[in-house]
Each structure stands twice: as C-alpha cells, then as structure tokens.
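Q: Please take one small part of this structure and go through it up close with me. After that, I'd like to see how other spots in the chain compare.

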Amino acid sequence: MKTWQELLSLGGAYLDGKGVPDAAVAMELLMARLLKCGRGFLSPHLAKVPEERFVAALRRGMARLVAGEPIQYVLGEWDFRSLTLACDRRALIPRPETEELVTRVLAFAKTLDRARPFVVDVGTGSGCIVLSLAREMADGIFLGIDISADAIALATENAVRCGLSDKVRFAVTDGLDDFDEPETVDILVSNPPYIPTADCATLDPRIRNFEPMNALDGGREGLDFYDRLIEDALNVLRPGGGVFFEIGDGQGPALQKRLFNAGFDGIRIESDYAGHDRYASAVRP
Ligand SMILES: C[S@@+](CC[C@H](N)C(=O)[O-])C[C@H]1O[C@@H](n2cnc3c(N)ncnc32)[C@H](O)[C@@H]1O
C-alpha cells in the first residue's frame, strides 16, 4: 500500500524513464484531476493511502501518457484564459500562444464604437477563442464555425460547460462559404491550420498521432487558409472591421504581403514571447 507521495515519486520516475515530457508535472496533474483539486493543493493528501480505484485510474492515465497521448487529452480538460474547457481528440489542444491572440482581439474590440460587435471565429476547434471573447467582451454577437462536426460538438459542449451557450452560436461550415451577410462582421478571428503539408509528417508524434490533421495541415506552404480568409474578410468585414490571425513562425512576411495586396490598413505582424512571428492583424479600410 503506497501513499500518494510514494506514487507521485515512483510514477514520475517511471514516466520520465519512458520519455514522457515533464513527467513529474504530468503525475501531479493526473493526481490533482483524480482528487479534484488544483496541482498546488496536493500536499494535504500526500501522506494518505489512495483508494484502489484511484490507483487504477492513475495507472490508466499513465499508460495513455506512455503511449504518447498528450496530457491535455488524458486529463480531458484544459485551462484557456479564464475558462476550463473539455479537451479531447475531436479538436486541437488550446495553446498558450492563442491566449495572446485573444488579448489582441480584446484590445481592438475596445476601440470599436459599435454596440454589440459581431465576432466570427473561423476554425473554432474547442471554441477556446470565441468562448473567451464572449466571456471577456462587454457585449457582442459571437459565431464559431468549423468544418469538423466533431469540433463543433466539443465547442458546443464547452459553451454549455462555461455557461455561454446563450451568447455563442456554432455552425459546421467550410470556411465562410455559407456566410451570406456581407459587410456585417466587426471582428474576424482565426487560428487556422498553418503547418506546411510536408512538415506535418515530421511533427512530434504526440501531435501527429493524436491531434486532428485537419487542424494542422495548411497546404503546401501552410498559407492556403490565409489566402481564402483574406479574400473572405474583404467581403464579410464592415469598413473599419479587423481581421486577426494566428500564424506560423516565418510566415510574417507572406502575411504582410497578402494583407497589403488585398488593400488592408493598419497591418501588424507581431511575435510571441519566444520571438517567433505569431500574429497578423489588419483593418478593412
Ligand atoms: C489550428 S485549429 C484551431 C482550433 C482552435 N481555434 C484553437 O485555436 O485551438 C484549426 C481549426 O480549423 C478547422 N478547419 C480546417 N479546415 C477548415 C475549413 N475549411 N473550414 C472551417 N474550419 C476548418 C479545423 O477543424 C480546426 O478545428
């Protein structure tokens, strides 16, 4: 009979030996999930001996980690800004860089002089972007779309889970092909698939084997979706409306050129904390 502390130490060493990244943290997260507490609140439990069902659940979680599954999917939920979202293989794992994309959109939203701005998130996945905007903006009309019915099912569950289902609509559509409300959108935001097709095969197996490929593969140069979305943005944005993209490292110059050629104003290419091109934004004149 081992205590939580002993399981934590033994399990961490075992996962580390199997090549699981950040093994000690992964063990703490698994335990915290089982104990329904934050990772920083494990200490009152550590000297106790867990019930057998907890040990069995811990073993199942560890086996999934050893098989290469990302910790976020094993836990089944993950934090994004102020929200705790359900997280599974139906959609991309929400990333910290994308939290910063939301920060940029929020800053722009404050400059709009319209009540209830219309916000559309293309490729919504788990719904992390549009749900955060709905939570953090004073008001607005919020729509999340995705080509994946699985992703939209997850995003819809997340809206319910976050108490935002009255504020956010979701739809399964291929890009903005079915969108027939020209010049109505105030903010078009997207974190589209942007990895060049050839690079998808060399991605970390934890990404390649578990996250949906249609959330990753952005075509030959990784730019296919931007070409589509920039053209769509010219059609759906009101004059003065803003387009906000997450982009891949090194894609800044290509986005700058495309937005410029399309006639956008106020083009900004910005880096993430690691210094990589990560955000492109512009305003429709
Ligand atoms: C990089 S993921 C982003 C998911 C989520 N917005 C996030 O930031 O975590 C891209 C999303 O675009 C969706 N997608 C791919 N092709 C699409 C298309 N033609 N139309 C709409 N969505 C698409 C994928 O299903 C995926 O959910």
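A: Let's start with a counting rule: a residue is called buried if 20 or more other C-beta atoms (placed from the backbone) lie within 10 Å of its own, exposed if there are 12 or fewer, and partly exposed in between. What you're looking at is a predicted model, where local features need pLDDT of at least 70, side-chain atom pairs need 80 or more, and totals for chains, interfaces and linings use all residues. Residue numbers run from 1 along each chain as its sequence is written.

Our part is a hairpin: strands β1 and β2, with two residues between them. (Strands are DSSP runs of E with at least two residues, helices are runs of H or I with at least four, and numbering goes from the N terminus.) β1 covers residues 77-80, and β2 covers residues 83-86. The two strands pair in the antiparallel sense over four bridges; to count as a pair, DSSP has to find at least two. One spot where you can see this is E77, whose bridge partner in β2 is A86.

Now follow the side chains along β1, because they alternate. W78 and F80 point to one face, and both are buried. E77 and D79 point to the other face, and neither is buried. Here's a handy bit of background: in soluble globular proteins, nonpolar side chains tend to be buried together.

What is unusual about the turn? Most residues other than glycine have a negative phi. R81, which sits in the loop between β1 and β2, isn't a glycine, yet its phi is positive, at about 50 degrees. R81 is also buried, because 20 other C-beta atoms lie within 10 Å of its own.

For a contrast, try K36, in the loop between α2 (23-35) and α3 (52-66). K36 has a positive phi as well, near 55 degrees, and it isn't a glycine either. Its surroundings give another result, though: K36 has 7 other C-beta atoms within 10 Å, so it is exposed.

For the in-between case, go to K167, in the loop between α7 (149-161) and β5 (168-172). With 18 other C-beta atoms within 10 Å, K167 is partly exposed. Skipping neighbours within four places in sequence, K167 is in contact with A134 and F142; contact here means that the two C-beta atoms, placed from the backbone, lie within 7 Å. K167 and S126 are 41 residues apart in sequence, and their C-alpha atoms are 16 Å apart in space.

One more buried stop is I230, in helix α10 (residues 224-236). I230 counts as buried because 22 other C-beta atoms lie within 10 Å. Leaving out residues up to four places away in sequence, I230 touches R258, L259 and A262. P182 is 48 residues from I230 along the chain, and 14 Å separates their C-alpha atoms. Then there's L188, which is in contact with V120, V122, A233, V236, L237 and V243, again ignoring neighbours within four places.

Finally, zoom out. The chain has eleven helices and nine strands, and its C-alpha atoms fill a box of roughly 70 × 40 × 30 Å along the principal axes. Of the 285 residues, 39% are buried. Among contacts between residues at least 6 apart in sequence, 66% join residues at least 24 apart.
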